[in-house]
Amino acid sequence: MNSILIDLTEKLIEEERSNYFLYSEDTWEMDLDSKNFTVGDALHEILHNEIKTLGDWIDIIHPNYVDDFKDNLESFLKGLSPHFYCSYLIETKEGWKMIEDWGKISSYSREQSPSKLIGIKTIAA
């Protein structure tokens, strides 16, 4: 009886492990004045092209998600949301990957408008 219970338990644990969603996280930073956009090493490793500007980043977002990304960023920069959040697909060397993206304002200009953003991107494995 114990061996049957142990076998069943091991099978359930293995099934549960296969259901876990694997991910990694990486940082990003954007200078709104210069339009520079930088991502960390984990993202550089999985992307086809180097990301230097926000436009470069938008170019790798799946077309079905581009408007949501832009709308969420615009709402955040207008102060309609206390932080930036968006979930979308990006094109990588391995195909499309889901991203969950969080950001906040890290500095303001003299005119008190946002000048730099920082954030974290969670990348589905």
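**Entry 1: the whole chain**

Buried here means under 20% relative accessible area, and exposed means over 50%. I am working from a predicted model. With that cut-off in hand, I looked up the burial of the protein chain: 33% of its 125 residues count as buried. The surface came next, and the chain exposes about 8,500 Å², with carbon and sulfur atoms supplying 51% of it.

I then went through the secondary structure and noted four helices and five strands. Read from the N terminus, the order is α-β-β-α-α-α-β-β-β. I also checked how far along the sequence the contacts reach. Among contacts with a separation of 6 or more, 46% join residues 24 or more positions apart.

**Entry 2: the nonpolar core**

Which residues touch the most other members of the largest nonpolar core? I found Leu43, Trp57, Phe69 and Ile90, in a core of 25 residues. The elements giving two or more residues to this core include strands S1 (23-31), S2 (37-39), S3 (84-92) and S5 (114-124). Helices H2 (41-46), H3 (54-59) and H4 (63-77) are on that list too.

I followed Leu43 a little further. Leaving out residues up to four places away in sequence, Leu43 touches Trp57 and Ile90, and also Asp26, Ile99, Lys121 and Ile123. Two charged residues in that list, Asp26 and Lys121, made me curious, and I took them up next.

**Entry 3: Asp26**

Asp26 sits in strand S1. What is the nearest side chain of opposite charge to Asp26, and how many Å away is it? It is Lys121, at 9.5 Å, and the buried Asp26 has no salt bridge.

I looked for what the Asp26 side chain does reach. One partner is the backbone nitrogen of Asp41, at 3.5 Å. Another is the backbone nitrogen of Ala42, which lies 2.9 Å from a polar atom of the Asp26 side chain. Beyond its neighbours within four places in sequence, Asp26 is in contact with Gly40, Asp41, Ala42 and Leu43 on one stretch of the list, and with Gly119, Ile120, Lys121 and Ile123 on the other.

**Entry 4: Asp31, for comparison**

Asp31 also belongs to strand S1. Asp31 is buried without a salt bridge, and its nearest side chain of opposite charge is Lys116, 4.1 Å away. A salt bridge needs the nitrogen and the carboxyl oxygen within 4 Å, so this pair is not counted as one.

The Asp31 side chain does reach the backbone nitrogen of Ser34, at 3.0 Å. Its contacts past four places in sequence are Asn36, Ser115 and Lys116.

**Entry 5: the salt bridges**

How many salt bridges does the count come to? I get three, and I went through them one by one.

- Lys121 and Asp101 meet at 2.4 Å, N to O. Lys121 lies in strand S5 and Asp101 in strand S4 (residues 95-108), so the pair ties together parts that are 20 residues apart in sequence. Lys121 is buried, at 1% relative accessible area, and Asp101 is buried at 1% as well.
- Lys97 and Glu94 meet at 3.0 Å, N to O. Lys97 is buried at 12% relative accessibility, whereas Glu94 is exposed at 63%.
- Glu74 pairs with Lys78, with the closest N and O atoms 2.9 Å apart. Glu74 is partly exposed at 41%, and Lys78 is exposed at 59%.

I add a reminder to myself that Lys121 has already turned up twice: Leu43 touches it, and Asp26 is in contact with it.

**Entry 6: two exposed helix residues**

Last, I checked two residues on helices. Asn64 is in helix H4 and is exposed, at 61% relative accessibility. The C-alpha atoms of Asn64 and Leu89 are separated by 8.6 Å, although the two residues are 25 apart along the chain.

Asp59 is in helix H3 and is exposed, with a relative accessible area of 61%. I paired Asp59 with Glu91: C-alpha to C-alpha they are 9.0 Å apart in space, with their positions 32 residues apart in sequence.

Definitions and conventions: Residues are numbered from 1 along each chain as its sequence is written. This is a predicted model: local features need pLDDT of at least 70, side-chain atom pairs count only at pLDDT 80 or more; totals for chains, interfaces and linings use all residues. Side-chain values use heavy atoms; hydrogens and water are left out. A nonpolar core is a set of buried Ala, Val, Leu, Ile, Met, Phe, Trp, Tyr and Cys residues joined through side-chain atoms within 4.5 Å. Buried means under 20% relative accessible area, exposed over 50%, partly exposed in between (1.4 Å probe, protein chains only). Contact means heavy atoms within 4.5 Å. Lys and Arg count as positive and Asp and Glu as negative; His and the chain ends are not counted. A polar contact is a pair of N or O atoms within 3.5 Å; within protein, one must be able to donate a hydrogen and the other to accept it, and residues adjacent in sequence count only if both atoms are side-chain atoms. Accessible areas come from the Shrake-Rupley method with a 1.4 Å probe; for residues, only the protein chains shown count as cover.
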